[in-house]
Structures are given as structure tokens and as C-alpha cells.
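The following note sets out, in numbered points, what may be read from the coordinates under review. It moves from the overall fold to individual residues.

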Amino acid sequence: MIRGAIIFFIFFISSCGVINQKKIISNNNITIYAKTQTGHPLLRGFKTTTKIKILKDSIVLSASPALGLELVKLTITDENIYIEQKLKNKRDTIATKFIDPNFQIKDIKKFITKPKTNQDKTLYQGTNTQALFTNYINKQNIFLPQSVVFWISPSPGEKKTKFELEIEYKSIKFLSKK
């Protein structure tokens, strides 16, 4: 289940699209604040505050319930995904090659950039995963999906599990590199 949640967050992060990649991404670190809600029957109606930092060499995601306590923090690099579960005071590491053998942060950043502003759907296909990003909106010149649906299979040939996510963006901050 935790592996599914991690893959889900990776797809959530990689679903952002940017109008002018050179101007916005290369000159800035980006922090995105959003409220997320899953379509899972047990968690329906439960909104989580999500903070995503897109940095030069990593992507950092943290999730907090309404009280503001950080439950989980994911740091994604080319080689590993570092997971900090705050309530359990537990730290784990997953090698990115187990999720996608060709995974690289620079490729995720390229995937973030949508080729056209009028494109409303983006499909990602990995070895054992698929993700469909839809209902893009323009938020401060960044195109972001309001809905993400993805399917995960533990191994090729096995039945895929479906996850859905609805996203309500609150704000985006651009921090210049120094």
C-alpha cells in the first residue's frame, strides 16, 4: 500500500505542466500548495494539504491533514525515494530503479512541461504503471491537472490497481536560485 502511495505521489508531482520551461523552471525553484482528495472509498471526503517543492536535483513532497501536522515527507532524487513517516518516526528508502528502471529527475521535469497549452490530457506509461492527468488549469502561468487517475501493477501481467486524485491548487511560489 505504501509503495502505491509513493508511486501515486510521483505521478502527482510529474503531472504539472509549464508554459515557458526555460524562464520558469530553470530560473526558479517552485513550491506548489494544494488540497488533495482521493477517490478511494475509505478516504473519500478526507482532504490533505500537500506541499511540493521542485528543486534542481530533487522533488520534495509533504502531506498534512487539516491540523497541519506533517504525516509524510517524500524526497525524490535520481537514485532513491526517501520516505519519512513522521507519526511512526520511521525512515525508508526505495531505489527508483524498482519503480521505473529509466527514472531520472530531469526526465520528470521534461514530463512536467506540456507541449501545448490547449492539451487537456497527458498520459504517462511506465513499466508497471500508467497515469492519466486531466482537467488542466492555468495557475500563475503553470498548467496543472485537477484530476489524476493512475493504475499500478506490482509486476507485469498482474491485475492493476486504480487510484484517483482530485486536486485543488491554493498557491504557487517561485524562488529564484542564488
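1. Order of elements. Read from the N terminus, the protein chain follows the order α-β-α-β-β-β-β-β-β-α-β-β-β-β. In total the chain holds three helices and 11 strands. The model is a predicted one, and the remarks below should be read accordingly. Of the 178 residues in the protein chain, 45% are buried.

2. Strand E3 and its two faces. Strand E3 spans residues 47–54. Its covered face carries Thr48, Thr50, Ile52 and Ile54, whereas Lys47, Thr49, Lys51 and Lys53 lie on the uncovered face. The covered face thus presents threonine and isoleucine, and the uncovered face presents lysine and threonine.

3. The hairpin of E3 and E4. Which way do E3 and E4 run relative to each other, parallel or antiparallel? They are antiparallel, and six bridges join E3 to strand E4, residues 59–64. Four residues separate the two strands, which together form a hairpin. Within this pairing, Ile54 is placed opposite Ile59 of E4; Ile54 also belongs to the covered face of E3.

4. Lys73 in strand E5. Lys73 is located in strand E5, which covers residues 72–76. With a relative accessibility of 27%, Lys73 is classed as partly exposed, because the partly exposed class lies between the 20% and 50% limits. Lys73 and Val60 are 13 residues apart along the chain, and their C-alpha atoms are separated by 7.2 Å.

5. A patch of negative charge. Four residues, Asp57, Asp78, Glu79 and Asp107, gather on the surface in a patch of negative charge. Glu79 belongs to the loop between strand E5 and E6. Its relative accessible area is 53%, so Glu79 is counted as exposed.

6. Gln85 in strand E6. Is Gln85 buried or exposed? Gln85 is buried, because its relative accessibility is 14% and the buried class comprises values under 20%. The residue is part of strand E6, residues 80–85. Gln85 and Glu70 are 15 residues apart in sequence, and the distance between their C-alpha atoms is 8.6 Å.

7. The salt bridge of Lys86 and Glu70. Glu70 also takes part in a salt bridge with Lys86, in which the closest N and O atoms are 3.3 Å apart. This pair links distant parts of the chain, 16 residues apart: Lys86 sits in the loop between E6 and strand E7 (90–95), and Glu70 in the loop between E4 and E5. Both partners are classed as partly exposed, Lys86 at 36% relative accessibility and Glu70 at 29%.

8. The wider network. How many salt bridges does a search of the whole structure find? The search returns seven. The pair of Lys86 and Glu70 should not be considered in isolation, since a network of salt bridges links Glu70, Glu84, Lys86 and Arg91.

9. Two further salt bridges. Lys162 and Glu164 meet through their side chains in a salt bridge, with an N to O distance of 3.6 Å. Lys162 is partly exposed at 48% relative accessibility, and Glu164 is likewise partly exposed at 33%. The side chains of Lys170 and Glu168 form another salt bridge, at 2.7 Å from N to O. Here Lys170 has a relative accessibility of 44% and counts as partly exposed; Glu168, with a relative accessible area of 34%, is also partly exposed.

10. Positive phi values. Most residues other than glycine have a negative phi. Two asparagines therefore deserve mention, as each is a residue other than glycine with a positive phi. For Asn89 the angle is near 50°. Asn89 lies in the loop between E6 and E7 and is exposed, at 64% relative accessibility. For Asn135 the angle is near 55°. Asn135 is situated within strand E9, residues 129–139, and is partly exposed at 36% relative accessibility. One of these asparagines is thus in a loop and the other in a strand.

Note on methods: Residues numbered from 1 in each chain as written. Predicted model: local features only at pLDDT ≥ 70, side-chain atom pairs only at ≥ 80, totals over all residues. Heavy atoms only, no water. Buried < 20%, exposed > 50% of the residue type's maximum accessible area, 1.4 Å probe, protein only. Pairing = 2+ DSSP bridges. Patch = residues over 30% accessible without salt bridge, like charges linked within 9 Å, V, L, I, M, F, W, Y side chains within 5 Å. Areas by Shrake-Rupley, 256 points an atom, 1.4 Å probe, with all protein chains shown as cover. Lys, Arg positive; Asp, Glu negative; His and termini not counted. Charge placed at Lys NZ, Arg CZ, Asp CG, Glu CD.
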